[in-house]
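Biologist: I would like a close look at one part of this model, the place where two helices pack against each other. After that, please go on to the strands and to the backbone features that stand out.

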Amino acid sequence: MGYCGRMLSPTVLLLCALMCHPAGARNVALLVAVGQFGDPALKTAQLLGPSIDIDSMQRALTERWGFQPGDVVALRDQDATREHILDQIAALEQRSAPGDTVLIYFSGHGTSANDNNNSYDLPYATGAWVPYDLDYSSTAAAARTLIVGRRDLVPRLKRLDQGGRWVVVVSDSCYSGQVVRSFGQAFSRSRFLPMNFRDLGVAHVTAVVSARPQPPPYPYQHVVLLSGASDSETGADISTAQALQQAPTLDGKFHGAFTDAFLRLLDGQLLPGAFNYAQGREALNTFLEHRNFAQHPQLLPAIAEDPQDIGSRPFLGMNLPAQPRPTAVAPAAPAAPAAPAARDATVRLKFESVSAALKAKIAGMSGVAVVEREGDMTLRQRGDQVQLLGPAGDPIVSTSAGDPNLIKRIAAQAWLNRVLPAGSGDLGLRAETDPGSRGNTYVQCETFVFEVRLQKPAYVMLLDLDSEGNLTVLYPTRASERQVVTAGAPRAIPGTDPKEHILVTAPFGSDQVAALAFERLPDFFVDLTGVQRFAADGSRADALAKGLARAAGAVGVQQITVRTYPASGKVFCGS
């Protein structure tokens with residue numbers, strides 16, 4: 001019998017609204033695009049992508065995602081003043097009802113805090129939006145007219161959150177408080193608005209790279225943030241002929257790089273069938289990386305701050321078949337797992353000015369194919385120095401051309417690609433690093449953990465391939481960790497105690513971490529528990545490969561690239 005009860009308290013009524021999903025639940029949207037500005041001082045900061053972004057978003061929502069035209073409000077340039085944007089966000093409470101999905105989309109410039117308390121977060125560690133009427137005449141005027149996350153958006157989003165709406169904030173802008181990455185997109189324009197010359201204490205970017213403070217707690221229960229880049233990255237605007245040639249958009253028009261990927265996701269190009277927010281983020285990330293954009297879309301709340309597992313909810317409330325889950329976790333069934341796509345295990349390697357001698361060493365490697373563009377890795381040589389780079393230009397290892405670890409790292413990647421099973425979504429595995437807003441990018445002396453969450457109980461292993469080509473079992477490391485990991489609750493690895501967190505130290509570069517979940521206990525767990533720094537061509541790797549091939553029951557797989565960078569100057573991480 002389907003009723004929520006009678007004479008219920010407001011808290012219980014809210015819970016019922018979120019659990020019962022009435023048939024009349026709607027999707028409503030507020031779309032904001034700011035590419036032009038009223039202040040003449042910002043004429044050179046204009047963006048060409050946002051005006052096209054918003055038109056394409058409006059069509060996609062109404063033509064493919066069931067949004068009624070009257071439920072989509074769009075603000076463009078002159079209409080997107082600070083007051084009007086904030087008024088329309090507040091008006092979403094009247095335009096919607098408990099149980100509705102509310103989408104807020106912003107396309108334009110973003111900026112970010114450089115002060116240690118991250119006081120300009122959106123909703124945390126994500127800075128501020130720049131409206132049409134930003135007053136650039138003075139520090140005080142600019143600070144007053146920005147739309148600052150913590151000051152302006154958090155209170156309004158909290159009202160929607162506490163009123164029983166499922167809120168989805170999609171932000172195609174930047175928030176680079178510290179530049180810690182190699183961007184490499186000379187052909188595209190940034191969506192970061194620097195304010196170096198009239199320093200607001202908001203977005204003054206310097207060359208100093210240092211450990212960032214921990215972000216504050218996520219302040220919502222039912223708000224999802226999909227952002228175009230992490231808190232250490234800028235977002236690109238594909239708005240020149242050269243940019244379109246390098247990265248053609250889905251319709252051949254100017255767009256933000258993230259919006260182009262997001263529109264493809266809405267169009268069904270990136271994922272077939274039904275999917276959830278976590279799967280959507282992974283698809284966006286993969287697409288942008290392989291187009292050489294060094295920006296990694298982020299999904300908040302992170303696993304550790306998502307007690308209701310809203311990251312596994314159906315994307316924009318899409319209708320999906322029910323999936324069994326623990327009753328104590330989320331009030332709505334998660335999206336059905338996407339079927340694993342056929343996987344090509346070949347490592348595609350691109351050469352840039354590589355010597356004939358080094359090419360000869362690589363030519364006969366098993367599982368490696370040399371390509372002209374869109375490589376999984378790029379090998380770049382300058383004299384005797386070489387860099388092995390990831391698909392978006394992130395350094396994996398920087399060394400000399402004669403270093404045997406270079407060949408070892410390429411061979412180990414080919415091995416990992418070959419032995420990892422395609423995996424299935426049956427166990428509902430989600431894995432990421434925490435803090436989640438970092439985009440898996442960390443600076444020397446910062447600390448992090450891995451967070452793993454399952455929808456069904458399973459045995460978990462974390463296998464690390466480091467920048468020098470060595471393999472290490474990060475989990476389990478002791479007999480007690482070979483127990484089944486329960487479903488529903490997040491599991492911090494190595495642990496929740498700050499003393500157990502992973503400290504970023506040399507060597508720096510990129511590690512590839514494979515999170516594996518097994519329905520049944522694998523026979524290699526005991527022998528490989530806590531094994532460190534073993535080679536991909538050794539007996540332990542061979543035993544692992546054979547064990548993975550004969551693993552019984554469902555197997556979940558997720559790969560995480562962890563990027564680490566040295567800090568500037570002399571660094572002492574303390575105790």
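Modeller: What follows starts with the helix pair and then moves to strands, a buried residue and some backbone details. The model is predicted.

Helix H2 covers residues 49-64, and helix H7 covers residues 257-266. Their axes come within 10 Å and cross at roughly 10°. Because angles under 35 degrees count as roughly parallel, H2 is roughly parallel to H7. The crossing of the two helices, H2 and H7, is left-handed. On the H2 side, the contact is made by Asp53, Ser56, Met57, Ala60, Leu61 and Arg64. On the H7 side, Thr259, Phe262, Leu263 and Leu266 take part. Sorted by class, this contact between H2 and H7 has 6 nonpolar, 2 polar and 2 charged residues.

One residue of this contact can be followed further. Serine 56 sits in helix H2. Its relative accessibility is 7%, so serine 56 counts as buried, the limit for that word being under 20%. Leaving aside residues up to four places away in sequence, serine 56 touches Asp251, His255 and Leu263. Leu263 is also one of the H7 residues in the helix contact.

Now to the strands. An open sheet is formed by 3 strands in the order S4-S5-S6, with antiparallel pairing. Its edge strands are S4 (110-111) and S6 (147-148), each of which pairs on one side only. S4 pairs with S5 (residues 128-129) over 2 bridges, in the antiparallel sense. In this pairing, glycine 110 stands opposite tryptophan 129 in S5.

Another set of pairings involves strand S15. Strand S13 (residues 347-352) and strand S15 (residues 377-382) run parallel and are joined by 4 bridges. Phenylalanine 351 stands opposite leucine 379 in S15. S15 also pairs with strand S16 (residues 385-389), here in the antiparallel sense and over 5 bridges. Threonine 378 stands opposite leucine 389 in S16. S15 and S16 form a hairpin with 2 residues between them. In the turn of that hairpin, glycine 383 has a positive phi of about 65°.

Further along the chain, valine 513 is found in strand S25 (residues 509-518). Valine 513 has a relative accessible area of 1%, so it is buried. Valine 513 and leucine 465 are 48 residues apart in sequence, yet their C-alpha atoms are 6.2 Å apart in space. Not counting residues up to four places away in sequence, valine 513 touches Phe450, Leu463, Asp464, Leu474, Gln558, Gln559, Ile560 and Val562.

Some backbone details remain. The peptide bond from leucine 300 to proline 301 is cis, with omega near 10°. Proline 301 is found in the loop between strand S12 (298-300) and S13. The bond from tyrosine 475 to proline 476 is also a cis peptide bond, with omega near 0°. Proline 476 lies in the loop between strand S22 (471-475) and strand S23 (491-493).

Positive phi values also appear in residues other than glycine. Aspartate 77 has a positive phi of about 40°, and its place is in the loop between strand S2 (72-76) and helix H3 (82-95). At 14% relative accessibility, aspartate 77 counts as buried. Cysteine 445 has a phi near 85°, which is positive too. The place of cysteine 445 is in the loop between strand S19 (441-443) and strand S20 (447-453).

Methods:
Residues numbered from 1 in each chain as written. Predicted model: local features only at pLDDT ≥ 70, side-chain atom pairs only at ≥ 80, totals over all residues. Heavy atoms only, no water. Axes fitted to C-alpha atoms, helices over the stretch in contact; angles between N-to-C directions. Parallel < 35°, antiparallel > 145°, perpendicular 65-115°, else oblique. Left-handed = near helix turned anticlockwise from the far one by under 90°. Contact = heavy atoms within 4.5 Å. Nonpolar A, V, L, I, M, F, W, Y, C, P; charged D, E, K, R; others polar. Buried < 20%, exposed > 50% of the residue type's maximum accessible area, 1.4 Å probe, protein only. Pairing = 2+ DSSP bridges.
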